[in-house]
Every structure is written in C-alpha cells, then in structure tokens.
Amino acid sequence: MKSLLILTGHTKGLGKAILERFLALDNIRIVAVSRSILNLQNPKLTEVQLDLSDLDALESILPALFPRGEFDKVILINNAGRIGEVKSIGKLQLKVIQGVMNLNLLAPMILTNAFVAAYSGTKSEKLICTISSGAAHKPLAGWSEYCAGKAGLAMFSKVAAEDLKEKGFRVFSLVPGIIDTEMQADIRKADPSDFPALERFAQYKSEGHLSSASEVAEKVYYLLDNPILFQEVVQDVRNFDLP
Ligand SMILES: NC(=O)c1ccc[n+]([C@@H]2O[C@H](COP(=O)([O-])OP(=O)(O)OC[C@H]3O[C@@H](n4cnc5c(N)ncnc54)[C@H](OP(=O)(O)O)[C@@H]3O)[C@@H](O)[C@H]2O)c1
C-alpha cells in the first residue's frame, strides 16, 4: 500500500519523531515543511524550506506540497506551531500576534483547504490530523496568542469534519499531552509575572512528567493507522493506550 504524508514542523520535537516513525514504513512518500531542513538525503522524503507564517510565500509554493500520483492513503499532519509571546495582555506586540496566528491557525487552515482541493476527487483514504493542545480548551494566563490560535484550530477541525464527511475525509484535532521539546524549554523561560503557571511547568520537567516525542509520535501513528477506532474529532493521546 502506497501512502503520502504531508507534515509540517518536521525538524525538531514531535514533528521530527513523527517523521522518523513514518520514514520507517516501506511504501511511503513524505513532503515535509519547516523553516530549516534536515538534509537527510532519503529518497522517501522531500523537504521544503518555508516560513509558514509568511502566508504569501505559502500560497506561492502550495501546488508543490501536494504531489499527484496513485496513493492508497493520503495524510496531512499540521504539526508546526510555537508558543508565541508568554506575556500578559497589554504587553503583546502586533507583529508577533500576527506571526503566531499565521503559523498556528491560518497556515493549517490554508494547508487543509489545499489538501482537500488536491485529493477530494481521488479514491485514496484521506486523513487530516491537526496537532492541538490542552490550551485549545482551557485558558491559561499569559498564553492568549497560543490559546486563541489552538482554540480556533480545534473549531476549524470540527467544522472540517462536518463539512468533509461526505467527501471521505477523516479529521482529527489531537491533543498530544506535554512533551519534552524546545517548545517546553521556551515556556520555562517566561517571566513569572506574566505566566502564573510557570512553577507548575518547571515541575513537569524537574519531576519527569513530560512525555518523550517518540512515544507521542507512536500514538499519532497508531491513530492514523486505525482511524476506525476513533470516532470523535477531538482526541487526546493520554486517553488511549497502544496495544
Ligand atoms: N511540546 C508540548 O508540550 C506541546 C504540548 C501541546 C501541543 N504541542 C504542539 O505540538 C506541536 C509541535 O510542538 P513541539 O513541542 O514539537 O515544538 P518544537 O520542538 O518547537 O518544534 C516545532 C517545529 O515546527 C517548526 N516551525 C516552527 N516555526 C515554524 C515556521 N514559522 N514555519 C515552519 N515551521 C516552523 C520547527 O522547525 P524550524 O525551526 O526548522 O522551522 C520545528 O520543526 C505544536 O503544534 C505545538 O503547539 C506541543
């Protein structure tokens, strides 16, 4: 069975672990997008160097991200994201608000739209998985940009699932838990006066509560390999175990 994966944010953290998990498959083609590249020289992988917060650049490169061909299964994983400014409202900067919303909300919407346009006429199994966050569903002081973007994206995913169910697409908004990545390190650099939960997040790390990117990637893979077992759009990796 030949599969195609389009993955954003593949160079670090969860995205890199997802890339490694899918590269282990035999019959896979992967198009991966980040600002930097890994230069893996793997024939299964095409790396595209792009700042996804630059929406004009994204628009101009869109056709190259969705190869044509005979695929039994096509998957889009919207993973790239960043925490943005961890600051109280009143101290946010317009350009940063814009950049974070472009990356965390608008780019995944644009990519999903283009993915659907590219593959809706095909017989392939079609899956869209957007990496969400607990912050989509729970407000945290200091995280207004991040929470707003992820909440918008979770709602977009729910609408997409309704909109696309007759067209054969399954859509998931997947909460990955708390993972030991650079994003968590960025969160721990916040000023406690802007981020009251800082100590709790520092403890997650010091007390060993963070998941590894590879264990979460294994769950992302399991969900996408067994979508029939997962009926709801919103899923949380902490709510299911691997067999
Ligand atoms: N870590 C957690 O605890 C946690 C919890 C909940 C949700 N999440 C979500 O999980 C996803 C992955 O997070 P992570 O922790 O793995 O983050 P990470 O380690 O910081 O990795 C982020 C990835 O996104 C890429 N990226 C960042 N900005 C980009 C841009 N402007 N354009 C293109 N690519 C960009 C980065 O590559 P380049 O630097 O090469 O561009 C990198 O590959 C995110 O959506 C995040 O919100 C993470």
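In the predicted model examined here, glutamine 235 belongs to strand β7, which spans residues 234-236. With a relative accessible area of 12%, glutamine 235 is classed as buried, because this value falls under the limit of 20% that is used for that class. When residues up to four places away in sequence are set aside, the residues that glutamine 235 touches are Phe172, Ser173, Leu174, Val175, Leu223 and Phe230.

Attention then turns to the ligand and its surroundings. The ligand occupies the space of the largest pocket, and the elements that contribute two or more residues to the shell around it are α1 (13-23), α4 (144-164) and α5 (182-188). Of the shell around the ligand, the largest share comes from α5, which supplies three residues. In total, the ligand is surrounded by 29 residues, of which Lys12, Ser36, Asn79, Tyr146 and Thr181 are the closest.

Several polar atoms of the protein were found beside polar atoms of the ligand. In the side chain of serine 36, an N or O atom is placed 2.4 Å from an oxygen atom of the ligand, while at isoleucine 179 a polar backbone atom lies 2.8 Å from an oxygen atom of the ligand. At leucine 52 the partner on the ligand is a nitrogen atom, which is 2.9 Å from a backbone N or O atom of that residue. Taken on its own, the ligand has 880 Å² of accessible area, and the protein covers 95% of this area.

Key: Residues numbered from 1 in each chain as written. Predicted model: local features only at pLDDT ≥ 70, side-chain atom pairs only at ≥ 80, totals over all residues. Heavy atoms only, no water. Helix = DSSP H or I, 4+ residues; strand = E, 2+ residues; numbered from the N terminus. Buried < 20%, exposed > 50% of the residue type's maximum accessible area, 1.4 Å probe, protein only. Contact = heavy atoms within 4.5 Å. Near = heavy atom within 4 Å. Polar contact = N/O pair within 3.5 Å; in protein donor to acceptor, adjacent residues only side chain to side chain. Areas by Shrake-Rupley, 256 points an atom, 1.4 Å probe, with all protein chains shown as cover. 1 Å grid on protein atoms, 1.4 Å probe; cavity = no way out; pocket = protein on both sides within 12 Å on 5 of 7 lines; lining within 4 Å. Sits in = over half its atoms within 2 Å of the grid points.
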